[in-house]
Amino acid sequence: MKYTKEDQLRKKIVELKAKKKEPTMAQLKKIVQRKVNEYVRLRDKKLPCISCGRRGVAIDAGHYVAQGSSGLLRYELDNLNGQCQKCNRFLHGNLIEYRIGLVKRIGILQVEWLEKHRHDIKKWTREELNEILSDTKELIRVINLSK
Ligand SMILES: [Zn+2]
(Lines give C-alpha, C1' and ligand atoms only; values in the text may rest on other atoms or scores of the structure.)
Protein backbone atom coordinates (compact mmCIF):
# COMPACT_ATOMS: atom_id res chain seq x y z
CA MET A 1 0.00 0.00 0.00
CA LYS A 2 1.21 3.44 -0.87
CA TYR A 3 0.78 6.40 1.43
CA THR A 4 -0.71 9.53 -0.08
CA LYS A 5 1.09 12.79 0.57
CA GLU A 6 -1.59 13.71 3.07
CA ASP A 7 -1.18 10.43 4.93
CA GLN A 8 2.52 11.05 5.14
CA LEU A 9 1.96 14.54 6.48
CA ARG A 10 -0.49 13.32 9.10
CA LYS A 11 1.96 10.67 10.17
CA LYS A 12 4.69 13.27 10.46
CA ILE A 13 2.54 15.52 12.64
CA VAL A 14 1.71 12.66 14.97
CA GLU A 15 5.42 11.84 15.21
CA LEU A 16 6.32 15.43 15.92
CA LYS A 17 3.69 15.76 18.61
CA ALA A 18 4.88 12.58 20.23
CA LYS A 19 8.44 13.85 20.08
CA LYS A 20 7.48 17.11 21.69
CA LYS A 21 5.91 15.40 24.66
CA GLU A 22 8.81 13.09 25.30
CA PRO A 23 11.80 14.64 27.01
CA THR A 24 15.20 14.03 25.46
CA MET A 25 17.36 11.41 27.16
CA ALA A 26 19.49 14.14 28.72
CA GLN A 27 16.38 15.83 30.07
CA LEU A 28 14.97 12.54 31.32
CA LYS A 29 18.21 11.76 33.19
CA LYS A 30 17.96 15.12 34.92
CA ILE A 31 14.28 14.61 35.74
CA VAL A 32 15.03 11.20 37.27
CA GLN A 33 18.01 12.57 39.24
CA ARG A 34 15.90 15.39 40.64
CA LYS A 35 13.24 12.92 41.76
CA VAL A 36 15.75 10.50 43.29
CA ASN A 37 17.43 13.38 45.15
CA GLU A 38 14.04 14.51 46.45
CA TYR A 39 13.41 11.02 47.81
CA VAL A 40 16.86 10.86 49.49
CA ARG A 41 16.29 14.22 51.20
CA LEU A 42 12.97 12.94 52.55
CA ARG A 43 14.44 9.58 53.59
CA ASP A 44 17.37 11.18 55.44
CA LYS A 45 15.57 14.22 56.78
CA LYS A 46 16.06 13.23 60.41
CA LEU A 47 19.55 11.79 60.03
CA PRO A 48 22.75 13.75 60.62
CA CYS A 49 24.98 14.80 57.72
CA ILE A 50 26.64 11.63 56.41
CA SER A 51 30.06 13.32 56.53
CA CYS A 52 30.31 15.74 59.45
CA GLY A 53 27.44 14.49 61.60
CA ARG A 54 25.79 17.89 61.98
CA ARG A 55 22.09 17.78 62.65
CA GLY A 56 19.25 20.16 62.02
CA VAL A 57 20.74 21.79 58.96
CA ALA A 58 19.40 21.89 55.42
CA ILE A 59 20.51 18.82 53.55
CA ASP A 60 21.35 17.98 49.97
CA ALA A 61 21.35 14.53 48.45
CA GLY A 62 25.11 14.02 48.18
CA HIS A 63 26.70 11.36 45.98
CA TYR A 64 29.51 9.25 47.42
CA VAL A 65 30.71 8.20 43.96
CA ALA A 66 30.28 11.38 41.91
CA GLN A 67 27.59 11.26 39.25
CA GLY A 68 28.80 10.97 35.71
CA SER A 69 26.06 11.48 33.18
CA SER A 70 26.01 7.77 32.40
CA GLY A 71 27.42 6.42 35.61
CA LEU A 72 25.91 3.20 36.87
CA LEU A 73 25.67 4.63 40.39
CA ARG A 74 24.01 7.97 39.77
CA TYR A 75 20.59 6.79 40.96
CA GLU A 76 21.84 4.08 43.35
CA LEU A 77 20.17 4.83 46.67
CA ASP A 78 23.09 3.59 48.79
CA ASN A 79 25.32 5.99 46.87
CA LEU A 80 23.15 8.96 47.81
CA ASN A 81 22.84 10.27 51.32
CA GLY A 82 21.66 13.32 53.16
CA GLN A 83 24.56 15.68 53.45
CA CYS A 84 24.81 19.22 54.78
CA GLN A 85 25.29 21.89 52.15
CA LYS A 86 28.69 22.83 53.52
CA CYS A 87 30.06 19.31 53.02
CA ASN A 88 28.33 18.77 49.70
CA ARG A 89 28.90 22.10 48.03
CA PHE A 90 32.00 23.56 49.63
CA LEU A 91 34.05 20.56 50.72
CA HIS A 92 33.59 18.59 47.47
CA GLY A 93 31.53 15.99 49.27
CA ASN A 94 33.90 15.73 52.26
CA LEU A 95 34.58 12.23 50.99
CA ILE A 96 36.93 10.85 53.63
CA GLU A 97 34.38 11.59 56.33
CA TYR A 98 31.58 10.50 53.98
CA ARG A 99 33.17 7.05 53.71
CA ILE A 100 33.39 6.67 57.48
CA GLY A 101 29.73 7.68 57.87
CA LEU A 102 28.67 5.45 55.00
CA VAL A 103 30.41 2.35 56.41
CA LYS A 104 28.49 2.91 59.65
CA ARG A 105 25.23 3.25 57.76
CA ILE A 106 25.36 0.53 55.09
CA GLY A 107 28.37 -1.62 56.01
CA ILE A 108 31.84 -2.07 54.55
CA LEU A 109 30.78 -4.67 51.96
CA GLN A 110 28.26 -2.37 50.34
CA VAL A 111 30.72 0.54 50.40
CA GLU A 112 33.33 -1.63 48.71
CA TRP A 113 30.74 -2.68 46.13
CA LEU A 114 30.13 0.99 45.30
CA GLU A 115 33.87 1.63 45.04
CA LYS A 116 34.36 -1.38 42.79
CA HIS A 117 31.75 -0.03 40.38
CA ARG A 118 32.77 3.62 40.56
CA HIS A 119 33.89 3.76 36.91
CA ASP A 120 31.17 1.58 35.43
CA ILE A 121 29.36 3.14 32.51
CA LYS A 122 25.70 2.41 32.10
CA LYS A 123 23.81 3.00 28.90
CA TRP A 124 20.42 3.89 30.32
CA THR A 125 17.37 3.17 28.22
CA ARG A 126 14.28 5.33 28.27
CA GLU A 127 12.36 2.39 29.74
CA GLU A 128 14.82 1.95 32.61
CA LEU A 129 14.77 5.64 33.41
CA ASN A 130 10.98 5.75 33.36
CA GLU A 131 10.92 2.74 35.66
CA ILE A 132 13.26 4.39 38.17
CA LEU A 133 11.12 7.51 37.94
CA SER A 134 7.88 5.70 38.72
CA ASP A 135 9.50 3.58 41.47
CA THR A 136 10.89 6.72 43.06
CA LYS A 137 7.55 8.50 42.90
CA GLU A 138 6.04 5.50 44.66
CA LEU A 139 8.74 5.62 47.38
CA ILE A 140 8.01 9.31 47.90
CA ARG A 141 4.29 8.63 48.11
CA VAL A 142 4.83 5.91 50.72
CA ILE A 143 7.25 7.98 52.81
CA ASN A 144 4.80 10.88 52.81
CA LEU A 145 2.02 8.55 53.97
CA SER A 146 4.06 7.34 56.93
CA LYS A 147 4.94 10.83 58.16
ZN1 LIG B 1 28.32 17.99 56.73
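The exercises below, each with a worked solution, concern a predicted model of one protein chain.

**Exercise 1. Overall layout**

State how many helices and strands the protein chain has, and in which order its elements run.

Solution. Step one is the count: the protein chain contains 6 helices and 2 strands. Step two is the order: from the N terminus on, the elements run α-α-β-β-α-α-α-α.

**Exercise 2. Extent of the chain**

What radius of gyration does the protein chain have, and what would a compact globule of 147 residues have?

Solution. Start with the reference: a compact globule of 147 residues would have a radius of gyration near 15 Å. The protein chain has 20 Å. Next, take the box along the principal axes: the C-alpha atoms fill roughly 70 × 35 × 25 Å. Then turn to burial, where buried residues make up 24% of the 147 residues. Finally, consider contacts with a separation of 6 or more: residues 24 or more positions apart account for 74% of them.

**Exercise 3. The strands**

Is strand E1 mostly covered or mostly open, and how does E1 pair with strand E2?

Solution. Strand E1 spans residues 59–63, and 5 of its 5 residues are buried, which makes the strand mostly covered. To divide these residues by face, recall that in a regular strand the side chains alternate between the two faces of the sheet. On one side of E1 are Ile59, Ala61 and His63, and on the other are Asp60 and Gly62; both faces are covered. For the pairing, E1 and E2 (residues 80–84) run in the antiparallel sense over 5 bridges. His63 has Leu80 in E2 as its bridge partner.

**Exercise 4. Two helix pairs**

Classify the crossings of H2 with H6 and of H4 with H5 by angle, and name residues that make the contacts.

Solution. Two packed helices are described by the angle between their axes and the distance between the axes. For helix H2 (residues 25–43) and helix H6 (residues 126–145), the axes come within 9 Å and cross at roughly 25 degrees. Angles under 35 degrees count as roughly parallel, so H2 is roughly parallel to H6. The crossing of H2 and H6 is left-handed. Residues of H2 in this contact include Leu28, Val32 and Tyr39, and those of H6 include Leu129, Ile132 and Ile140.

For helix H4 (residues 95–106) and helix H5 (residues 108–116), the axes come within 7 Å and cross at roughly 125 degrees. That angle makes H4 oblique to H5. Arg99, Leu102, Val103 and Ile106 of H4 make the contact with Ile108, Gln110 and Val111 of H5.

**Exercise 5. Ile132**

Which burial class does Ile132 fall into, and which residues does Ile132 touch, not counting residues up to four places away in sequence?

Solution. Ile132 lies in helix H6. Ile132 has 19 other C-beta atoms within 10 Å. Being buried takes 20 or more, so Ile132 is partly exposed. Beyond residues up to four places away in sequence, Ile132 touches Val32 and Tyr75. Asn88 is 44 residues from Ile132 in sequence and 24 Å away in space, C-alpha to C-alpha.

**Exercise 6. Positive phi in a loop**

Decide whether His92 and Asn94 are buried or exposed, and give their phi angles.

Solution. His92 is in the loop between helix H3 (85–90) and H4, and Asn94 is also found in the loop between H3 and H4. His92 has a positive phi of about 55 degrees although it is not a glycine. For Asn94, also not a glycine, the positive phi is about 45 degrees. His92 counts as exposed because it has 9 C-beta neighbours inside 10 Å. Asn94 has 20 other C-beta atoms within 10 Å and is therefore buried.

Key: Residues numbered from 1 in each chain as written. Predicted model: local features only at pLDDT ≥ 70, side-chain atom pairs only at ≥ 80, totals over all residues. Helix = DSSP H or I, 4+ residues; strand = E, 2+ residues; numbered from the N terminus. Rg over C-alpha atoms; globule rule 2.2 N^0.38 Å. Buried ≥ 20, exposed ≤ 12 C-beta atoms within 10 Å, placed from the backbone. Contact = placed C-beta atoms within 7 Å. Pairing = 2+ DSSP bridges. Axes fitted to C-alpha atoms, helices over the stretch in contact; angles between N-to-C directions. Parallel < 35°, antiparallel > 145°, perpendicular 65-115°, else oblique. Left-handed = near helix turned anticlockwise from the far one by under 90°.
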